[in-house]
Amino acid sequence: MSRTAIARLHLAVPPTNREGRDCMPPLDTPLRTIELAGQVGFCFGVKRAIHLAEEALESNGTVYISGDLVHNATVTSALEARGLVRTDTLNDKKEGTVIVRAHGLPAGEIRRLRDSGLQVVDATCPIVHHAQQAALTLEQEGYQVVIIGDANHAEIRGIVGTMTTQPLVIDSIEELRAAKASHRLKRKVGVLFQTTHALELCKDIVSELVFMCKDVRIINTICRPVQQRQDAAVDVARRVDLMIIVG
Ligand code: SF4
């Protein structure tokens, strides 16, 4: 079945409920149409991170990670069974391998891990890496960097930790207005986005910000695979009676 195809549900074996009783609908029940969104499944950044983790486990045995490699219990459990060790205290590890998640880490943190004797497998997604570079470029060109995103998200902490100045991180129009009112927003600003942020929210904030400043440069760091998934989800939601998101 192609991903966009509309599939009729054909059941070769009558389904049963938890008590084992036949729960096949009556014959006159209308067939339901199940539609799969055009974009589903792991993005390439996560697939790449899983692949790098599997490679590291094959050649290095125990591999440490801070946080989840992927928000999927099945995949995480399978990797842990092969030797992936989740830890919140990388600081006390002096040998072995550590894998950096697709969200990335501050550049200084990666250097510190290498200097402490750990072998580092950097699975930072190339799109996140591009966002880190965009922040550095704006900073070097004299812009006040404004990141639209969640200050507590690992990706944003990684971007902020890669910079030498403190950017402004805002996540709502109210936060933008508060920054303007308290004179924390400068006249020359460079804007980038958390890669996975909702496009509509970013648009709303940017459309107000451009009239608050004199010189605005925007680098679009929104992740295209995420944008395509959001568009596909909206598209399906418009046409179906019930939408089920597995994840
Ligand atoms: S930036 Fe996009 S492609 Fe990369 S890991 Fe995040 S969601 Fe996936």
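Is Thr76 buried or exposed? I looked it up, and Thr76 comes out as buried, at 12% relative accessibility. I'm working from a predicted model here.

**Entry: Thr76**

I found Thr76 in helix H2, which runs over residues 73-81. I set aside its neighbours within four places in sequence and asked what else Thr76 is in contact with. Asp68 and Val70 came back. The cut-off for buried is under 20% relative accessible area, so the 12% of Thr76 qualifies.

**Entry: the whole chain**

Next I stepped back to get my bearings. The protein chain has 8 helices and 10 strands. Of its 247 residues, 39% count as buried. I also checked how far apart in sequence the contacting residues are. Taking contacts between residues at least 6 apart in sequence, 65% join residues at least 24 apart.

**Entry: helix H6**

Which residues of H6 are buried? In this helix, residues 173-181, I got Ile173, Leu176 and Ala179. They span an arc of only 120° around the axis, which puts them on the same side of H6. That fits the textbook spacing: an α-helix has 3.6 residues a turn, so residues three or four places apart point the same way.

I then turned to the face of H6 pointing away from the buried side, and there I noted the exposed residues Glu174 and Ala181. As for what covers the buried residues of H6, the list includes strand E8 (168-170) and helix H7 (199-209).

Arg177 is in H6 as well. I have it down as partly exposed, at 43% relative accessibility. Not counting residues up to four places away in sequence, Arg177 touches Glu208 and Met212. I took the C-alpha separation for Arg177 and Met212 too: 9.2 Å, with their positions 35 residues apart along the chain.

**Entry: His183**

I went on past the end of H6, where His183 comes just after the helix. What is phi for His183? I read a value near 60°, which is positive in a residue other than glycine. His183 belongs to the loop between H6 and strand E9 (188-193). At 71% relative accessibility, I log His183 as exposed.

**Entry: the ligand**

Where does the ligand sit? I found it in the largest pocket. I wrote down the residues surrounding the ligand: Cys43, Phe44, Gly45, Ala102, Cys125, Ile127, Thr195, Thr196, Cys223 and Val226. Sorted by class, this shell has 7 nonpolar and 3 polar residues, and no charged ones.

Thr196 from that shell led me to Arg224. The C-alpha atoms of Arg224 and Thr196 are separated by 8.9 Å, and the two residues are 28 apart along the chain. Arg224 is in helix H8, residues 224-239. I checked its surface as well: Arg224 is exposed, with a relative accessible area of 54%.

**Entry: Thr97**

I looked for Thr97 and found it in strand E5, residues 97-100. Its relative accessible area is 3%, so I count Thr97 as buried. What does Thr97 touch, not counting residues up to four places away in sequence? My list reads Ala56, Asn60, Thr62, Val63, Tyr64, Leu118, Gln119 and Val121.

**Entry: Leu138**

Last lookup: Leu138, in helix H4 (residues 126-140). I get a relative accessible area of 0%, so Leu138 is buried. Leaving out residues up to four places away in sequence, I see Leu138 touching Tyr143, Val145, Gly190, Val191, Leu192, Arg217 and Ile219. I followed up on Leu192 from that list. Leu138 and Leu192 are 54 residues apart in sequence, and I get 9.2 Å from C-alpha to C-alpha.

Note on methods:
Residues are numbered from 1 along each chain as its sequence is written. This is a predicted model: local features need pLDDT of at least 70, side-chain atom pairs count only at pLDDT 80 or more; totals for chains, interfaces and linings use all residues. Side-chain values use heavy atoms; hydrogens and water are left out. Buried means under 20% relative accessible area, exposed over 50%, partly exposed in between (1.4 Å probe, protein chains only). Helices (H or I, at least four residues) and strands (E, at least two) are DSSP runs, numbered from the N terminus. The arc is that of the directions from the helix axis to the C-beta atoms. Contact means heavy atoms within 4.5 Å. A residue is near a molecule or strand if one of its heavy atoms lies within 4 Å of it. On a 1 Å grid over the protein atoms alone, a cavity is a set of points where a 1.4 Å probe fits but cannot get out, and a pocket is an open set with protein on both sides within 12 Å along at least five of seven lines; lining residues have an atom within 4 Å of a point. A molecule sits in a cavity or pocket if more than half of its atoms lie within 2 Å of its grid points. Ala, Val, Leu, Ile, Met, Phe, Trp, Tyr, Cys and Pro count as nonpolar, Asp, Glu, Lys and Arg as charged, and the others, Gly among them, as polar.
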